[in-house]
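Welcome, and thank you for taking a look. Below is a short guided tour for someone meeting this structure for the first time.

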Amino acid sequence: MPGHLGLSTSEADFHRKLRHLKLPRADWPEFLKPPSHATTHFFERKGSVCAIVCYQPDKTKSLSQVGALLTHEAVHVWLSAMKEMGEKIPSEEFMAYGIQNITQTLLGALWGKKK
């Protein structure tokens, strides 16, 4: 998995994470690019890949839509991790557990904030 996996649910939080990574302001990507409802940004810091999933919560999406959206982003994170590991053909179980773990981390970060 990436050296760091983060979830940003606001542009301000995303910018805090970019400052923490010491990414030059000129290299900051957009939080979300319309019409995207979520996106994943990858950064390399000190030889480690960092992934920041950006999602702007809105009241129009059901819990299942949010789960599906973050699972979609988890697949991008998974594919990047496999590329970094040099893994060309992961087993189905390895892939399923990996995507499940990434999705669970993202949903926990999102819904854990509501407790």
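The largest pocket holds about 160 Å³ of space. This is a predicted model, so every value here is computed from predicted coordinates. Which residues line the largest pocket? They are H4, K17, H20, L21, K22, R45, K46 and I52. Sorted by class, that lining has four charged, two polar and two nonpolar residues.

## Helix 1 and what surrounds it

Let us start with helix 1, which covers residues 11–20. Its buried residues are D13, F14, H15 and L18. What covers these buried residues includes strand 1, strand 2 and strand 3.

D13 deserves a pause. Is this aspartate buried or exposed? D13 has a relative accessible area of 13%, and it counts as buried because that value is under 20%. The side chain of D13 also makes a polar contact of 2.9 Å with the side chain of S8. Setting aside neighbours within four places in sequence, D13 is in contact with L7 and S8.

Just after helix 1 comes K22, with a positive phi of about 60°. K22 takes that positive phi although it is not a glycine. You will recall K22 from the lining of the largest pocket.

## The loop between helix 1 and strand 2

K22 belongs to the loop between helix 1 and strand 2. With a relative accessible area of 64%, K22 is exposed.

E30 has its place in the loop between helix 1 and strand 2 as well. E30 is partly exposed, at 45% relative accessibility. Not counting neighbours within four places in sequence, E30 is in contact with F14 and H41. F14 is one of the buried residues of helix 1. As for H41, this residue is eleven residues from E30 along the chain, and their C-alpha atoms are separated by 9.4 Å.

Further along, P35 also lies in the loop between helix 1 and strand 2. What kind of peptide bond joins P34 and P35? The bond is cis, with omega about 10°.

## Helix 2

Helix 2 takes in residues 63–85, 23 residues in total. From its first C-alpha to its last, helix 2 reaches 32 Å, close to the 33 Å expected at 1.5 Å a residue. G86 follows helix 2 and has a positive phi, near 75°.

Many names appear when we ask which residues of helix 2 are buried. They are V66, G67, L69, L70, E73, A74, V77, W78, S80, A81 and M82. What covers them includes strand 1 (4–8), strand 2 (38–45), strand 3 (48–55) and helix 3 (92–111).

Two residues of helix 2 give a closer view. One is L70, which is found in helix 2. L70 counts as buried because its relative accessibility, 0%, is under 20%. Leaving out residues up to four places away in sequence, L70 touches L7, V53, Y55, L106, L107 and L110. L7 is also a contact of D13. Between L70 and A51, the C-alpha to C-alpha distance is 13 Å, with their positions 19 residues apart in sequence terms.

The other is H76, also in helix 2. H76 counts as partly exposed, at 35% relative accessibility. Its side chain joins that of H72 in a polar contact of 3.1 Å. Neighbours within four places in sequence aside, H76 is in contact with T40 and F42. H76 and E87 are eleven residues apart in sequence and 15 Å apart in space, C-alpha to C-alpha.

## Accessibility at a glance

Here are the residues we stopped at, with their values gathered in one place.

| Residue | Relative accessible area | Class |
|---|---|---|
| D13 | 13% | buried |
| K22 | 64% | exposed |
| E30 | 45% | partly exposed |
| L70 | 0% | buried |
| H76 | 35% | partly exposed |

To pick up the thread once more, look at strand 1, strand 2 and strand 3. These strands are among what covers the buried residues of helix 1, and they are also among what covers the buried residues of helix 2.

Key
Residues numbered from 1 in each chain as written. Predicted model: local features only at pLDDT ≥ 70, side-chain atom pairs only at ≥ 80, totals over all residues. Heavy atoms only, no water. 1 Å grid on protein atoms, 1.4 Å probe; cavity = no way out; pocket = protein on both sides within 12 Å on 5 of 7 lines; lining within 4 Å. Points joined across faces, edges and corners; volume = space filled by probe spheres on them. Nonpolar A, V, L, I, M, F, W, Y, C, P; charged D, E, K, R; others polar. Helix = DSSP H or I, 4+ residues; strand = E, 2+ residues; numbered from the N terminus. Expected span 1.5 Å × (residues − 1). Buried < 20%, exposed > 50% of the residue type's maximum accessible area, 1.4 Å probe, protein only. Contact = heavy atoms within 4.5 Å. Polar contact = N/O pair within 3.5 Å; in protein donor to acceptor, adjacent residues only side chain to side chain.
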